[in-house]
Amino acid sequence: MKKIRCLAVDDEGYAINMIADYINKVPYMELVGTTTSAIEALSQIQSGEIDLVFLDIQMPELSGLQFLSLCGDKCKVILTTAYAEYALEGFDHGVIDYLLKPIALDRFLKAAQKAFDQITGINYRTIPQQPAQPIPEVTSPAHDYIFIKGDSKSKFLKVDHRDILYVQGLKNYVSVFTPTQRFVTYQSLRDIIELLPQPPFYRVHKSYIVSVDKIRMIDGQTIYIGEQAIPIGESYRDSFMTMIKDGSNRE
């Protein structure tokens with residue numbers, strides 16, 4: 001099966017690395033290159049060697065929407081941005097999909113499948129898959145930190161994995177707790193768990209993710225991290241306790 005040749009375009013290094021890492025996880029995609037320059041990206045597209053561009057909207061030389069007007073039908077485009085208000089205009093330019101940062105892997109894979117369907121004319125889900133090359137669902141991130149949305153659309157906060165004690169879901173918001181700070185972000189627990197390595201992070205309740213390394217004590221249905229008591233959800237208890245016991249046995 002011929003791979004879709006991809007180019008990642010973004011003026012932020014962490015975003016480039018994330019998109020490149022995700023592309024490399026997809027068996028039917030090939031990362032041809034990355035660039036922080038929209039003008040350089042246009043030059044590469046003119047060569048005819050790019051099938052799909054992951055494009056940030058907010059670029060210093062050309063906006064993503066200006067880029068779309070210039071590249072025409074040379075390739076397909078998936079927009080990547082923190083600004084939801086540009087989605088409608090992007091679709092008016094014929095983009096395949098619109099990914100809001102920070103991008104969860106499962107959401108990226110849905111966009112990738114849409115791209116495959118449109119570019120090849122084949123529905124990827126109907127192709128028999130080899131066991132050695134499944135589409136990954138959740139894998140450990142390549143970095144030792146995450147970026148979470150801040151209090152404005154253009155603000156992202158970097159949090160090191162080693163500093164995270166636990167994460168609490170609060171309806172439409174999530175609180176990330178470290179020894180010195182509490183970060184509140186408009187994301188879901190599902191989004192956050194896909195950004196964190198497992199282990200040491202583990203979901204123990206519909207409202208909590210904990211760092212197993214930071215657990216002081218487990219008493220019945222309760223985990224203690226410092227003085228904070230965190231409940232273990234009934235549907236999570238068996239798998240969590242099995243993981244804890246297996247870890248103790250290995251030691």
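A disulfide is a pair of cysteine sulfur atoms within 2.5 Å. By that criterion, this predicted model holds zero disulfides. The cysteines nevertheless make useful starting points for the tour.

**Stop 1: Cys6 and strand β1**

Select Cys6, which is buried, with a relative accessible area of 0%. Then extend the selection to β1, residues 4-9. Five of the six residues of β1 are buried, so this strand is largely enclosed by the rest of the structure.

Next, display β2, residues 29-35, which runs parallel to β1 and is joined to it by six bridges. The bridge partner of Cys6 in β2 is Leu31. To follow the connection between these two strands, trace the chain from β1 through α1 to β2; this β-α-β crossover is right-handed.

Now add β3, which pairs with β1 in the parallel sense over four bridges. Here the bridge partner of Cys6 is Leu52.

**Stop 2: Leu52 and the nonpolar cores**

Centre the view on Leu52 and show its surroundings. Not counting residues up to four places away in sequence, Leu52 touches a set of residues including Ile4, Cys6, Leu7, Met29, Cys75, Val77, Ile78, Ile96, Ala115 and Ile119. Among these contacts is Cys75, which counts as buried at 10% relative accessibility.

Leu52 also belongs to the largest nonpolar core, which has 39 residues. Together with Met29, Phe54 and Phe108, Leu52 is listed as having the most contacts inside this core. To see where the core draws its residues from, colour β1, α1 (13-25), β3 (52-56), α5 (105-120), β6 (145-149), β9 (173-177) and α6 (189-193), the elements that give two or more residues to it. Of these, α5 gives the most, with seven residues.

Apart from this core lies another, of 21 residues; select Ile50, Val53, Met59 and Leu62, which are among them.

**Stop 3: the five-stranded sheet**

Move to the open sheet whose five strands follow the order β10-β9-β8-β12-β11, with antiparallel pairing. Its edge strands are β10 and β11 (201-205), each of which pairs on one side only. Neighbouring strands of this sheet are turned by 20° against each other on average, direction ignored.

Within the sheet, select β8 (residues 166-170) and β12 (residues 208-211), an antiparallel pair joined by three bridges. Val167 has Ile209 as its bridge partner in β12.

**Stop 4: Thr178**

Select Thr178, in the loop between β9 and β10 (182-185). Is this residue buried or exposed? Thr178 is buried, with a relative accessible area of 10%. Not counting residues up to four places away in sequence, its contacts are Val159, Asp163, Ile164, Leu165 and Phe183. For a distance check in the viewer, pick the C-alpha atoms of Thr178 and His161: these residues are 17 apart in sequence and 9.6 Å apart in space.

**Stop 5: the three-stranded sheet**

Finally, display the open sheet with the strand order β13-β14-β15 and antiparallel pairing. β13 (217-219) and β15 (228-231) stand at the edges, each with a single partner strand, so one side of each is left without a neighbour in the sheet. The average turn between neighbouring strands of this sheet is 25°, direction ignored.

Close in on β13 and β14 (residues 222-225), which run antiparallel and are joined by three bridges. Ile218 stands opposite Ile223 in β14. With the side chains shown, one general feature is worth keeping in mind: in a regular strand, side chains alternate between the two faces of the sheet.

Definitions and conventions. Residues numbered from 1 in each chain as written. Predicted model: local features only at pLDDT ≥ 70, side-chain atom pairs only at ≥ 80, totals over all residues. Heavy atoms only, no water. Core = buried A, V, L, I, M, F, W, Y, C linked by side-chain atoms within 4.5 Å. Buried < 20%, exposed > 50% of the residue type's maximum accessible area, 1.4 Å probe, protein only. Contact = heavy atoms within 4.5 Å. Pairing = 2+ DSSP bridges. Axes fitted to C-alpha atoms, helices over the stretch in contact; angles between N-to-C directions. Right-handed = clockwise from strand over helix to strand, strands pointing away.
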